[in-house]
Amino acid sequence: MAFYVIGGRSGGKGLACAITAVKWSAETGLPVAVTCEFTKHRLLEVAARHGVQIPEPVVGKPGD
């Protein structure tokens, strides 16, 4: 499933992507792959704020 997030600087594009990833993870029960610990914690915060449980995101570095 592809989607586009369009907007200017500081327009909430990152938050929109985080919310979409959290919804997808909650629906499928699969963890989201992220590239750093900060993003992992950000997704867990978004999930908590929306009152949903998601599997812990998996941190992987590009090229691993």
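Trainee: Which exposed residues does the face of α2 turned away from its buried side carry?
Mentor: Phe-38, Ala-48 and Arg-49. Exposed means over 50% relative accessible area, buried under 20%, and partly exposed in between, with a 1.4 Å probe and protein chains only. Residues are numbered from 1 along each chain as its sequence is written, and the model is predicted, so local features need pLDDT of at least 70. Side-chain atom pairs count only at pLDDT 80 or more, while totals for chains, interfaces and linings use all residues; side-chain values use heavy atoms, without hydrogens and water.

Trainee: What makes residues 37–50 a helix called α2, and how do you know that its length agrees with the expected span?
Mentor: Helices are DSSP runs of H or I with at least four residues, strands are runs of E with at least two, and both are numbered from the N terminus. The expected span is 1.5 Å times one less than the number of residues. For the 14 residues of α2 that gives 20 Å, and the end C-alpha atoms are 20 Å apart, so the two values agree. Just after α2, Gly-51 has a positive phi of about 70°.

Trainee: Which residues of α2 are buried, and how do you know that they are on the same side?
Mentor: The buried ones are Lys-40, Leu-43, Val-46 and Ala-47. They cover an arc of only 125° around the axis, and therefore sit on the same side of α2. The arc is taken over the directions from the helix axis to the C-beta atoms. As a general point, an α-helix has 3.6 residues a turn, so residues three or four places apart point the same way. The cover over the buried residues of α2 includes α1 (13–28), β1 (33–34) and β2 (58–59).

Trainee: Why is Lys-40 called buried?
Mentor: Its relative accessible area is 11%, and the limit for buried is under 20%, so the label applies. Contact means heavy atoms within 4.5 Å. Not counting residues up to four places away in sequence, Lys-40 touches Val-34, Glu-56, Pro-57 and Val-59.

Trainee: What makes Lys-40 and Glu-56 a salt bridge?
Mentor: A salt bridge needs a side-chain nitrogen of Lys or Arg within 4 Å of a carboxyl oxygen of Asp or Glu. The closest N and O atoms of Lys-40 and Glu-56 are 2.5 Å apart, so the pair qualifies. Lys-40 lies in α2 and Glu-56 in the loop between α2 and β2, so the pair ties together parts that are 16 residues apart in sequence. At 52% relative accessibility, Glu-56 counts as exposed.

Trainee: How do you know that Glu-37 forms a salt bridge with Lys-40?
Mentor: Their closest N and O atoms are 3.9 Å apart, and the limit is 4 Å, so this pair also qualifies. Both residues lie in α2, three residues apart, about one turn of the helix. Glu-37 is partly exposed, with a relative accessible area of 41%. The structure holds two salt bridges. Through shared partners, salt bridges join Glu-37, Lys-40 and Glu-56 into one network.

Trainee: Which residues form the largest nonpolar core, and what makes it a core?
Mentor: It has nine residues: Ala-18, Ala-21, Val-22, Val-32, Val-34, Leu-43, Val-46, Ala-47 and Ile-54. A nonpolar core is a set of buried Ala, Val, Leu, Ile, Met, Phe, Trp, Tyr and Cys residues joined through side-chain atoms within 4.5 Å. Helices α1 and α2 each supply at least two of its residues. Beyond its neighbours within four places in sequence, Val-32 is in contact with Ala-21, Trp-24, Ser-25, Leu-43, Pro-57 and Val-58.

Trainee: Why is Ser-25 called buried?
Mentor: Its relative accessibility is 0%, and buried is under 20%, so Ser-25 falls in that class. Ser-25 lies in helix α1. Not counting residues up to four places away in sequence, its contacts are Leu-30, Pro-31, Val-32, Ile-54 and Pro-55.

Trainee: How many disulfides does a search of the whole structure find, and how do you know that Cys-17 is in no disulfide?
Mentor: The search finds zero. For Cys-17 the nearest cysteine sulfur, that of Cys-36, is 14 Å away. A disulfide requires two cysteine sulfur atoms within 2.5 Å, so Cys-17 and Cys-36 do not form one.

Trainee: Why are Cys-17 and Cys-36 called partly exposed?
Mentor: Cys-17 has a relative accessible area of 36%, and Cys-36 has 26% relative accessibility. Partly exposed lies between the buried and exposed limits, so both residues get that label.
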